Amino acid sequence: QNKDTRTEKIPSRTENPAQAPQEIREYSYDSGLIRKMSIKKWARVIDRFELFRKQAKALFSEQPVETEYVKFVSYMPMFEQMSKAQISFYIYWKSQIRKGIYLTVESSYIFLPMYEIVNLPDCYSPEEGADMFVRLMENYGRSYPYIYKNIGECLIDWCLLRKIKVPSMPISVLDKVISAVSLPELFYNNLEIPQELLYKIS
């Protein structure tokens, strides 16, 4: 006799141990308002992100060559979408950031190092990754205000995962980030927060 399965309950992800996120570790965090955090692994690998990680790893050590600007626009930028000319310009543009030179680019370029840092923790020291997040917001936030939210959230995750405090940043940037992110409490340990901004994280 065939069983009618139309009324069977579909198990949720938490009911299926194979699909539920696996806890990797739990540790204390030295912050004024955050005491403990847990790290959980995604239940599955997303092929597109894994491909990005492999491509980012391969390109990381490429030597920059001065290259003319090439426009690049993408809602979710990935290396697989880019031409050789766009990748060459990206590598050159990123090398200029390390020198303190911030060329005018679309936000699609700006998101690439953000994705790169979180996918290549073995290539960026905790402080180097956090510093790059702050630099991107400080120098491109006025042109693209929404990056305060996107990069700010990545900065929070990065600091929590790498067990470091949020680095100092200009008050103008700090104000925008605190107003945009979902966990402004993490910024409580930043001693440069002026009194008028404390209400935003209270």
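This is a walk through the fold, the nonpolar core and helix α3 of a predicted model.

**Overall picture**

Start with the chain as a whole. Its secondary structure comes to 7 helices and 2 strands, and reading along the sequence gives the pattern β-β-α-α-α-α-α-α-α. Of the 202 residues, 40% count as buried. The protein chain exposes about 12,500 Å², and carbon and sulfur atoms supply 51% of that area. As for how the sequence folds back on itself, take the contacts between residues at least 6 apart in sequence: 57% of them join residues at least 24 apart.

**The nonpolar core**

In soluble globular proteins, nonpolar side chains tend to be buried together. Here the largest nonpolar core has 53 residues, and the members that touch the most others are W93, I110, L155, M169 and F187. Which elements give two or more residues to this core? They are β2 (36-41), α1 (47-60), α2 (84-98), α3 (107-119), α4 (126-140), α5 (147-162) and α6 (171-180). The largest share, 9 residues, comes from α5.

L155 makes a good place to stand and look around. Once its neighbours within four places in sequence are set aside, L155 is in contact with A130, F133, V134, M137, V166, P167, M169 and F187. Two of these contacts, M169 and F187, are also on the list of core residues that touch the most other members.

**Helix α3 and its surroundings**

Now for α3. With 13 residues at 1.5 Å a residue, α3 should span 18 Å, and its end C-alpha atoms are 19 Å apart, which agrees. Is this helix mostly covered or mostly open? It's mostly covered, with 11 of its 13 residues buried. The buried stretch reads S107, S108, Y109, I110, F111, L112, P113, M114, Y115, E116 and I117.

S107 belongs to α3 and has a relative accessible area of 12%, so it counts as buried, the cut-off being under 20%. Its side chain makes a polar contact with the side chain of Y146 at 2.8 Å. Beyond its close sequence neighbours (within four places), S107 is in contact with Y144 and Y146.

A bit further along sits Y109, and this one brings in the aromatics. A search of the whole structure finds 15 aromatic pairs. In one of them, the rings of W93 and Y109 have their centres 6.2 Å apart and their planes at 50°, so the pair is tilted. Because W93 lies in helix α2 and Y109 in helix α3, the pair ties together parts that are 16 residues apart in sequence.

A56, in helix α1, looks towards α3 from elsewhere in the chain. Leaving aside neighbours within four places in sequence, A56 is in contact with F79, E116 and L120; of these, E116 is among the buried residues of α3. The C-alpha atoms of A56 and I117 are separated by 9.3 Å, although the two residues are 61 apart along the chain.

Here's how the buried residues picked out above compare:

| Residue | Relative accessible area | State |
|---|---|---|
| A56 | 0% | buried |
| W93 | 0% | buried |
| S107 | 12% | buried |
| Y109 | 0% | buried |

**Pulling it together**

Where does α3 meet other parts of the chain? W93 of α2 pairs with Y109 of α3, A56 is in contact with E116, and the side chain of S107 makes a polar contact with that of Y146. α3 is also one of the elements that give two or more residues to the largest nonpolar core.

Key. Residues are numbered from 1 along each chain as its sequence is written. This is a predicted model: local features need pLDDT of at least 70, side-chain atom pairs count only at pLDDT 80 or more; totals for chains, interfaces and linings use all residues. Side-chain values use heavy atoms; hydrogens and water are left out. A nonpolar core is a set of buried Ala, Val, Leu, Ile, Met, Phe, Trp, Tyr and Cys residues joined through side-chain atoms within 4.5 Å. Buried means under 20% relative accessible area, exposed over 50%, partly exposed in between (1.4 Å probe, protein chains only). Helices (H or I, at least four residues) and strands (E, at least two) are DSSP runs, numbered from the N terminus. Contact means heavy atoms within 4.5 Å. Accessible areas come from the Shrake-Rupley method with a 1.4 Å probe; for residues, only the protein chains shown count as cover. A polar contact is a pair of N or O atoms within 3.5 Å; within protein, one must be able to donate a hydrogen and the other to accept it, and residues adjacent in sequence count only if both atoms are side-chain atoms. Rings of Phe, Tyr and Trp (its six-membered ring) pair if their centres lie within 6.5 Å; planes under 30 degrees apart count as stacked, over 60 as edge-to-face and the rest as tilted. The expected span of a helix is 1.5 Å times one less than its number of residues.
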